[in-house]
Amino acid sequence: MLFSSLSGRRCAWALLIALGGSVAVAAAQTADAPLTLAAAVRQGMARAPLLAARNADLEAVRNEAVRAGRLPDPSLTFGVSNYPVTDPGAFSLRSDTMTMRTIGVMQAIPSHAARAADRSLAAAQVDAAEADRTATAQDVRERIADAWIGVWAATQQRTLLEALRDESTLAVQVATARLHGGTGSAVDVLAAQAEALTLANRIEAADADLQAANASLQRWLGDAPTALADAPDFDQLPVAPDQLERHTDRQAPMQAWRAREQVADAALAQARASKHPDWSVDVTYGHRAPYLSDMVMVQVGVSLPLFTRNRQDRDISAKQAQRDAVESAHEDARRAQRETVARDVAAWQGWGRQIARDRTALLPLARDRSQVALAAYRGGGTLQPWLDARRDEIALRLSYADALAARARAWAALAYLLPESTSSSENLP
């Protein structure tokens with residue numbers, strides 16, 4: 001029995017160790033997995049302090065909205081009534097039977113219209129805070145995506161330049177061999193070496209750009225990723241351009257404007273409610289000298305908004321003008337947003353056509369030109385055609401890398417405009 005118990009314990013410990021090892025391996029694999037764009041956005045959104053600040057602002061506005069439209073706190077009053085100050089019986093609480101020590105409660109009661117307007121304003125302010133948070137979230141998503149794209153683009157640029165290093169080394173070897181063989185010149189050797197060093201400088205600059213891009217991404221993620229996954233298909237938008245055009249007001253930068261109009265409407269309703277009278281109730285208990293009856297006083301007050309021309313009416317006119325200003329600014333922002341989206345779509349499409357042309361035609365032509373020029377030099381030709389072809393190819397590859405980054409950033413600017421485009425983009429590789 002003892003042996004059986006010990007064997008069972010050993011099996012249990014072995015099973016736990018195996019499970020722990022499996023979990024550790026899975027965690028390590030997850031930690032070392034290449035970072036996708038969608039994963040970067042999710043992680044950055046979860047760690048963004050700016051979103052935490054907007055959430056706190058929203059919570060504060062919601063708490064403020066709870067007390068909107070409620071009655072103000074009552075007031076406690078106390079004092080002395082009918083107190084004599086001249087003879088006979090001056091300055092005595094007992095010399096006059098009408099002297100009373102009083103205590104009371106007064107409650108102000110704003111009009112129903114004023115309380116309803118107060119609640120409407122609070123609700124509009126909550127909507128405005130939610131819209132502000134939505135706009136901030138959209139901005140944060142785009143900035144995280146831009147940081148990821150920066151790392152990806154810098155990596156692409158370095159890869160494009162690194163692919164030319166072997167040919168530069170070969171050109172230096174050929175020039176040196178021809179010099180030793182008596183068919184070349186020292187000028188060719190120096191030119192080939194200078195070209196190789198120039199390429200090395202460009203690669204060093206690409207490394208610096210990559211480090212800077214990693215720092216930008218680390219600002220959102222906390223830790224720089226070890227490697228990036230393949231980019232999503234930047235040739236396809238998560239949402240069609242015509243859908244973006246139809247739903248301008250649903251785009252994140254525009255959602256705050258509807259809330260601003262609601263706030264302006266509520267402020268106008270508050271101004272109009274000021275023409276309704278407010279009420280107050282005051283109950284006072286008076287205690288007199290012994291053997292005399294105590295007294296109770298009840299008063300009801302009402303405000304009289306009689307002279308509204310230069311008071312309430314002016315406020316109403318001002319709030320109406322502010323409401324009209326918000327409406328006009330909303331329309332201007334709507335037109336500006338349509339222009340921005342149209343420009344981004346045109347840029348994204350234009351960069352896509354340029355990238356396709358570079359990838360299928362210009363880059364292969366530049367590669368063939370450099371290889372043919374180097375082969376001709378190895379066969380006894382001059383070095384200058386290869387130097388010219390190499391400079392043109394490097395410039396084209398840098399231009400191609402810039403086009404990749406520009407198209408990706410235009411894609412990101414369009415991909416996160418609508419709420420549903422977030423979930424769609426997260427399904428991309």
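## A123, a residue in between

Let's start with A123, which sits in helix α4. Is it buried, exposed or partly exposed? Its relative accessibility is 39%, so A123 counts as partly exposed; the cut-offs are under 20% for buried and over 50% for exposed. Keep in mind that this is a predicted model, so every value here is computed from predicted atoms.

A123 also shows how the chain folds back on itself. Count along the chain and V66 is 57 residues away from A123, yet their C-alpha atoms are separated by 9.4 Å.

## The whole protein

Now zoom out. The protein has eleven helices and four strands. Of its 429 residues, 33% are buried. The accessible surface adds up to about 24500 Å², and carbon and sulfur atoms own 56% of that.

What about contacts along the chain? Take the contacts with a separation of 6 or more: 80% of them are between residues 24 or more positions apart.

## The four-stranded sheet

The four strands form an open sheet in the order β1-β2-β3-β4, and the pairing is antiparallel. Which strands sit at the edges? They are β1 (75-81) and β4 (295-302), and each of them pairs on one side only. Going from one strand to the next, the twist averages 20°.

You can follow the pairing strand by strand. Strand β2 (residues 100-109) is joined to β3 by nine bridges, and the two run antiparallel. One place to look is G104, whose bridge partner in β3 is T284. Strand β3 (residues 279-287) is in turn joined to β4 by eight bridges, again antiparallel. Here V281 has V300 as its bridge partner in β4, while G286 is partnered with M295 in β4. While you're looking at the strands, here's a handy rule: in a regular strand, side chains alternate between the two faces of the sheet.

## The nonpolar cores

Which residues have the most contacts inside the largest nonpolar core? They are W148, W411 and L414, in a core of 49 residues. Five helices each supply at least two residues of this core: α2 (37-47), α4 (112-162), α6 (186-221), α9 (312-378) and α10 (384-415). There is also a second, separate core of twelve residues, and V174, A192, A373 and L387 are among them.

Let's stay with W148 for a moment. Ignoring neighbours within four places in sequence, W148 is in contact with several residues, including L35, L37, A40 and L217. Its contacts also include a run of residues from further along the chain: L228, A229, D230, A231 and P232.

## Helix α6 and the loop after it

How far apart are the ends of α6? Its 36 residues, at 1.5 Å a residue, should span 52 Å, and the end C-alpha atoms are indeed 52 Å apart, so the two values agree. Just after α6 comes G222, which takes a positive phi of about 95°.

P225 is in the loop between α6 and α7 (241-246). Setting aside residues up to four places away in sequence, P225 touches L35 and L217. Those two names are also on the contact list of W148. P225 and W148 themselves are 77 residues apart in sequence, with 9.9 Å between their C-alpha atoms.

## L362 and R390, two residues to compare

L362 is found in helix α9, and R390 has its place in helix α10. Which of them is buried, and which is partly exposed? L362 has a relative accessible area of 37%, so L362 is partly exposed. R390 comes in at 0% relative accessibility, so R390 counts as buried.

Their surroundings are worth a look too. Apart from neighbours within four places in sequence, L362 is in contact with R357 and L396. R390, with residues up to four places away left out, touches L164, E167, S168, E195, L199, R367 and S370.

Both residues also have partners from elsewhere in the chain. L362 and Y400 are 38 residues apart along the chain, and their C-alpha atoms are separated by 9.8 Å. For R390 and S168, the distance along the chain is 222 residues, and the C-alpha separation is 9.0 Å. If you trace these helices on screen, remember that an α-helix has 3.6 residues a turn, so residues three or four places apart point the same way.

Notes
Residues numbered from 1 in each chain as written. Predicted model: local features only at pLDDT ≥ 70, side-chain atom pairs only at ≥ 80, totals over all residues. Heavy atoms only, no water. Pairing = 2+ DSSP bridges. Axes fitted to C-alpha atoms, helices over the stretch in contact; angles between N-to-C directions. Buried < 20%, exposed > 50% of the residue type's maximum accessible area, 1.4 Å probe, protein only. Contact = heavy atoms within 4.5 Å. Areas by Shrake-Rupley, 256 points an atom, 1.4 Å probe, with all protein chains shown as cover. Core = buried A, V, L, I, M, F, W, Y, C linked by side-chain atoms within 4.5 Å. Expected span 1.5 Å × (residues − 1).
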